[in-house]
Amino acid sequence: MIAAIIALPALSAAILLSLGNRTNKFGPWLAIGASTGSFLIGFWQFLQMLSRPEEERAVVTTVYEWLAVPAAGFKVNFALQLDQLSISFVLLITFVGTLIHIYSLGYMSHDENPRRFFAYLNLFVAAMLLLVLADNYLLLYVGWEGVGLASYLLIGFWQHKPSAAVAAKKAFVANRVGDFGLSLAIMTMFIVLGSVSFSDVNEGIKGAPAWVSLTLGLLLLLAACGKSAQFPLQSWLLDAMEGPTPVSALIHAATMVTAGVYLIVRSASIFNASEIAQTAVVVVGTISLLMGAVIAAAKDDIKKSLAGSTMSQIGYMILAAGLGPIGYVFAILHLITHGFFKAVMFLGAGSVMHATNDNVDMRRYGGLPKVMIFTTITFFIGYLAIIGIPPFAGFYSKDHIIEAALSHSWWAGAAVLFGAGLTAFYMTRIVVMTFVSKPRWEDDVHPHESPLSMTLPMIVLAIGATSIGIILTQNHIFEHWLEPVTGFVEPEPPFSIQTITIITLSVVAIGVLAAIWQYRKVAKVAPKNVSFVVTAARKDLYGDVMNEALLMRPGQATTKFLNIFDKSVVDGFVNGLGALTTGISARLRRSETGYVRSYAMSIVVGTAILVIALLIVRL
Amino acid sequence: MNPNAYLVLSGIIFSIGALGVLLRRNAIVAFMSVELMLNAANLAFVTGARVWGKLDGQAAAFFVMVVAAAEVVIGLAIIITIFRTRNSASVDEASLLRW
């Protein structure tokens, strides 16, 4: 039954991709049906899990024996683990996924080939579900690669645009760097601990020397950085916005990019065993959350601004996951609330783009509430949720992360507080530029509200973004729910919780007011004379330049050197041998004169030499 | 029986033949010189047979004659064909098979 959660979308993707154009008519509906079915089965499993006592909630089903090398003691089952952590993800993925499938119905209606799009979406959902349901790292790796593939295919969905093709390639390559970390981690696990299943690794890591948990922790962090667009592998996420907007909402905001957080929380036992690895995670999260926020505050492209925000919010989750048992639960809580409010904002951005001839420049928006009231309201709810205004979802999750960070160290606490202010600033900026300010539309743009298939998912997600935080944190439900899997320690911040809430809200208020003041007037064209921070942020804080200097240039230099080496040394040897042979034969062939008499002469001389030689030997 | 005289004669004839092959350009003459060399060899064979009183040398001489006769047939045919096409029997002019 658990396998059916994955099998439904996988089967649908297989049908749509293998039968091709014949499925064009019903393809999107089949995809939506598969995703919905997956959600219903997931929900049924969730109810069943609730009905069981706490100790029996986690179940492992072995579908079949997948790989076995008895000689090496290597055995991996195709086994699915359904516990409190994975069911949370299953519900998020299938629920948000289904809504975004429905949204795509309207969004992709003008596209040439929506069937292919829906097939890829299904493929993504199946791979992501495999990732979160796997009971061992190797099977997780299959899902991990699967979502990477789906992400690549969907970013480059409009592959006739060179920018989209390049962005897809960039995402794929950056992800491979992270995948490399994960594959090394899996190999290390097998060599040192002798198994790759979660339960065996959790047991084995207890008795293992310190360097094992440190190595594994850092390798898994590298993997998480690649998939979750964290520093230093962040640069692909902004370019990934070339893909269709539903993709940005589902894959590059709500689900796939959070896989890194899942990986770290799932490997809690490894990180708990190594303080250095944990600190590295916190540092990476801190840098990413500040970088992402600064980038988001400078971009005029609404999707790129939201992408920067995604990077920043995932930075929060990674940071929380690095805090240890006080943070795991809140990382996942923020992941879920973020899945809702970020998805609704991306869908809102898509709706706005849909209304303005696919324009993404916020400087040409403005004055939209009058023409698209549903989009405006749902986006505004997402906005309130992300900046953390009670009772919207983001308030509960982010406040808890701030408490946990403050009880960890002053610098992590200061960073998340500052990040909260930046979040308020850049989100207010987006809302002001897109909706509140005066219209600055292009001449041929006539904005209109999107069809019901697009507004309905936004409304549902907005309801989620309003309520999910308060529901999940009521009486510490979520902490108790996840505690058996991840462990939980109540954070003990240096100030009282009320004080922290007040501080946070005042920082947020400062951010909001600063943005309102700064953007009381919006120019149609981005101003040129700006501070170096803005210039840097517009260029993604030189992420690409850094990649170029650190990875691309040395790589190119190595290639160049190897090319020269190949041409001069390897080719030189082979060609020299050839030249030697031709040279010798060119001289030798001169002896073939064509004169019979000279041949006769050589025979006579040869015979004479033979005779003389024989005589000498005889003597 | 003292074979020296026979062998010396054989050597002289062989040398004349060899020199003829090496020095004369006319294909017919070169061909005749080859025959001279073969006959010199025959003489040596027969002398040997006589000295040791065995028939092996005589038999070898017969084989050489048969081979020489066959060779004459083919050789003359080639020379005549060359002469017909080139109007000359010089071995130096027929030197196309070269580098």
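With 12 C-beta neighbours inside 10 Å, A:N357 counts as exposed, and in this predicted model the residue has a phi near 55°, a positive value in a residue other than glycine. A:N357 is located in the loop that runs between helix 15 (328–355) and helix 16 of chain A. A positive phi near 55° is also found at A:A229, again in a residue other than glycine, and this alanine belongs to the loop between helix 8 and helix 9 of chain A. A:A229, however, is buried, because 30 other C-beta atoms lie within 10 Å, where 20 or more suffice for that class.

The loop between helix 8 (210–228) and helix 9 (235–239) of chain A also holds A:P232, and the peptide bond leading from A:F231 to A:P232 is cis, with omega near 5°. A cis peptide bond is likewise present between A:P390 and A:P391, with omega about 5°; A:P391 is placed in the loop between helix 16 (373–387) and helix 17 (393–408) of chain A.

In chain A as a whole, 24 helices and two strands are assigned, and the C-alpha trace spans about 120 × 65 × 55 Å along its principal axes. Of its 619 residues, 52% count as buried. Among the contacts in chain A with a separation of 6 or more, 80% are accounted for by residues 24 or more positions apart.

Helix 1 of chain A comprises 18 residues (2–19), which at 1.5 Å a residue should span 26 Å, and the distance of 26 Å between its end C-alpha atoms therefore agrees with expectation. The helix nevertheless carries a kink of about 25° at A:L8, shortly before the proline A:P9. Both A:L8 and A:P9 are among the buried residues of this helix, as are A:I2, A:I5, A:I6, A:A10, A:S12, A:A13 and A:L16. The cover over these buried residues includes helix 2 (27–51), helix 3 (84–107) and helix 4 (114–133) of chain A, together with strand 1 (59–69) and strand 2 (74–82). Helix 1 is followed by A:G20, a residue with a positive phi, near 60°.

Between the two chains, ten residues of chain B are in contact with eleven residues of chain A. On the side of chain B that touches chain A, the residues divide into seven nonpolar, one polar and two charged. Chain B has an average pLDDT of 91, with 100% of the residues scoring at least 70, and the model scores ipTM 0.88 and pTM 0.78.

Note on methods: Residues numbered from 1 in each chain as written. Chains lettered and ligands numbered in written order. Predicted model: local features only at pLDDT ≥ 70, side-chain atom pairs only at ≥ 80, totals over all residues. Helix = DSSP H or I, 4+ residues; strand = E, 2+ residues; numbered from the N terminus. Expected span 1.5 Å × (residues − 1). Bend = angle between axes of the 7 residues up to and from the residue. Contact = placed C-beta atoms within 7 Å. Nonpolar A, V, L, I, M, F, W, Y, C, P; charged D, E, K, R; others polar. pLDDT = per-residue confidence, 0-100.
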